[in-house]
Amino acid sequence: NYPGNGAATLTDGIRGDLRRYGKDWIGFQGPDLDAVVDLGAPATVSSVTIDVFLGEGSWIHPPKSVEVLLSDDGASFKSAGTLGADAVAAGGNVQTVAFEPRSAR
């Protein structure tokens, strides 16, 4: 229902307006969202942050959980960290999965 600017909305560097939903958000209902972000070259990564819009009056709900998987080759992925339902509920609009620094592409 909220297509944003397609998949590029996930990595365009534009933060979503946390007060209202609109074109700067991607919204979906159904299966899990699996987003693969290729950094182009190996880099050291120690956290991933996403903005989440909370608009329960408009039937816009936060994710049930957030998991970050890292890969050096784009084929073999290993979990770096997960936020469960309680952590997502406590995190509000900005969700961060932090972990020990690792190399990933």
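Here are three short exercises on a predicted model, each with a worked solution.

**Exercise 1. Place Ser71 in the fold, and decide whether Ser71 is buried or exposed.**

Solution. Start with the strands on either side: strand 3 covers 66–70 and strand 4 covers 78–83, and Ser71 sits in the loop between them. Next, take the relative accessibility of Ser71, which is 7%. Buried means under 20%, so Ser71 counts as buried at 7%.

**Exercise 2. Find the polar partners of the Ser71 side chain, then list the contacts of Ser71 beyond its neighbours within four places in sequence.**

Solution. Begin with side chain to side chain: Ser71 makes a polar contact with Asp73 at 2.9 Å. Then turn to the backbone: the oxygen of Ser76 lies 2.9 Å from a polar atom of the Ser71 side chain. Finally, set aside the neighbours within four places in sequence; the residues in contact with Ser71 are then Ser76, Phe77, Ala104 and Arg105.

**Exercise 3. Describe the surroundings of Leu33 and Glu100, and say how far apart the two residues are.**

Solution. Leu33 comes first on our list: look for it in the loop between strand 1 (4–7) and strand 2 (43–51). Leu33 joins Leu10, Ile26 and Phe28 in a nonpolar surface patch, and together these residues have about 370 Å² of accessible area. Now move to Glu100, which belongs to strand 5 (residues 94–104). Its relative accessibility is 62%, so Glu100 counts as exposed. To finish, compare sequence with space: Glu100 and Leu33 are 67 residues apart along the chain, and their C-alpha atoms are 24 Å apart.

Conventions:
Residues numbered from 1 in each chain as written. Predicted model: local features only at pLDDT ≥ 70, side-chain atom pairs only at ≥ 80, totals over all residues. Heavy atoms only, no water. Helix = DSSP H or I, 4+ residues; strand = E, 2+ residues; numbered from the N terminus. Buried < 20%, exposed > 50% of the residue type's maximum accessible area, 1.4 Å probe, protein only. Polar contact = N/O pair within 3.5 Å; in protein donor to acceptor, adjacent residues only side chain to side chain. Contact = heavy atoms within 4.5 Å. Patch = residues over 30% accessible without salt bridge, like charges linked within 9 Å, V, L, I, M, F, W, Y side chains within 5 Å. Areas by Shrake-Rupley, 256 points an atom, 1.4 Å probe, with all protein chains shown as cover. Salt bridge = Lys/Arg side-chain N within 4 Å of Asp/Glu carboxyl O.
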